[in-house]
Amino acid sequence: MAGPGAGFEYPPQEVSWLKRDVLLFANSIGCTSDELHFLFELHPNFQVFPTYSIILPFKQTDQEVIDFYARQSATPIPGVPKFDSRRVVDGQRLIEFLKPLPPSSQGKQFELRTKIIGVYDKGKAGSVVEQETVLAEKGGDIHTKAVGSAFFVGQGNWGGPKGPSTTNFPPPEGNKPDAVYTLQTTPESALLYRLNGDYNPLHATPEPGQKMGFGGAIMHGLFSWNTTCHGLLQKLGGSDPANIKEFQARFAAPVKPGDKLITEMWKTGNIKDGWEEIRFVTRVEGGQVVLSNGRALMRCVSSKSKL
């Protein structure tokens, strides 16, 4: 039996982007000068970094900043409480890459189709909203399919279902990682990343984070998620988007601007149809895990085979 809100579909949302948008995105997640196919629009193999579509529910068609809180509360989910979008963080994200995005949407019509999988009451801790979003060309192919959850802090105990348990993908015990990726954030990292279209004040000014118990501004969860995907693709996939099929991780703890992120990744040897399962964990240097349950499907190649 479906729970409250399950199956609710939002109206299709038109989305658009320019080459400038995908260049900004690649810059903001740590792509480097030896990956010019992500950073230079005249490169003969110029491509969109594959996770770019994850920002489009925030950006939509905008080329200007927007009121984040107003947009998040614009379409309530029937049958569940109206949650406060001023106290929300990411829970978990999975994305499947089905077809590369064009460098610009100009001349085409793209839309997001989003439906609610479930809304779960986690008691005093809060509530989880899980949804599936596909990015597709109108009348055409699906490019990406994403499943994500948002955690509304301290907004539980409304009598809803607790929700299913999630599958865990721990790293292999006792094995040294096959590759390690490090990224040093700066006090300005979130201020740059937000220009992609995710204008949540939680990542720009200290007051929201203080009210939520974080002590001040924190990095976007999707910043860590996107930069980790970049690390995997750079270290194991030769920086070639064709070498990654799926990517997922759970948001385990906040990251502060200025933290150094360290991602350890393991090849499992489990290969199906040419795709190897990769496990990974991202930590703050000297501190706690910030991305757990990390799993990707990749074609692993030499790191020297960058485009």
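**Reading empty space and surface in a predicted model**

Author: Welcome! A search of the whole structure, which is a predicted model, finds one cavity of 30 Å³ or more.

Reader: How should I read such a feature, and what volume does the largest cavity have?

Author: Rolling a probe the size of a water molecule over the atoms shows where empty space is left. Here, the volume of the largest cavity comes to about 30 Å³.

Reader: Which residues line the largest cavity?

Author: Its lining consists of Asp 21, Leu 24, Tyr 52, Lys 59, Leu 195 and Asn 196. By class, that lining has three nonpolar residues, one polar and two charged.

Reader: Let's turn to pockets. How much space lies in the second largest pocket, and which residues are the closest to its centre?

Author: The second largest pocket holds about 330 Å³ of space. It is lined by 19 residues, and Phe 97, Lys 99, Pro 100, Pro 241 and Ala 242 are the closest to its centre. Strand 5 (142-153) and strand 7 (244-251) are the elements that each give two or more residues to this lining. The lining divides into 13 nonpolar, three polar and three charged residues.

Reader: And on the outside, which residues form a nonpolar patch on the surface?

Author: Look at Leu 36, Phe 40 and Leu 42, which together have about 290 Å² of accessible area. Leu 42 sits in the loop that runs between helix 2 (36-39) and helix 3 (56-59).

Reader: Why does Leu 42 count as exposed?

Author: Exposed means over 50% relative accessible area. Leu 42 has 63% relative accessibility, so it counts as exposed.

How values were computed: Residues are numbered from 1 along each chain as its sequence is written. This is a predicted model: local features need pLDDT of at least 70, side-chain atom pairs count only at pLDDT 80 or more; totals for chains, interfaces and linings use all residues. Side-chain values use heavy atoms; hydrogens and water are left out. On a 1 Å grid over the protein atoms alone, a cavity is a set of points where a 1.4 Å probe fits but cannot get out, and a pocket is an open set with protein on both sides within 12 Å along at least five of seven lines; lining residues have an atom within 4 Å of a point. Grid points are joined across faces, edges and corners, and a volume is the space filled by probe spheres set on the points. Ala, Val, Leu, Ile, Met, Phe, Trp, Tyr, Cys and Pro count as nonpolar, Asp, Glu, Lys and Arg as charged, and the others, Gly among them, as polar. Patches are made of residues with over 30% relative accessible area and no salt bridge: like charges are joined within 9 Å, nonpolar side chains (Val, Leu, Ile, Met, Phe, Trp, Tyr) within 5 Å. Accessible areas come from the Shrake-Rupley method with a 1.4 Å probe; for residues, only the protein chains shown count as cover. A salt bridge is a side-chain nitrogen of Lys or Arg within 4 Å of a carboxyl oxygen of Asp or Glu. Helices (H or I, at least four residues) and strands (E, at least two) are DSSP runs, numbered from the N terminus. Buried means under 20% relative accessible area, exposed over 50%, partly exposed in between (1.4 Å probe, protein chains only).
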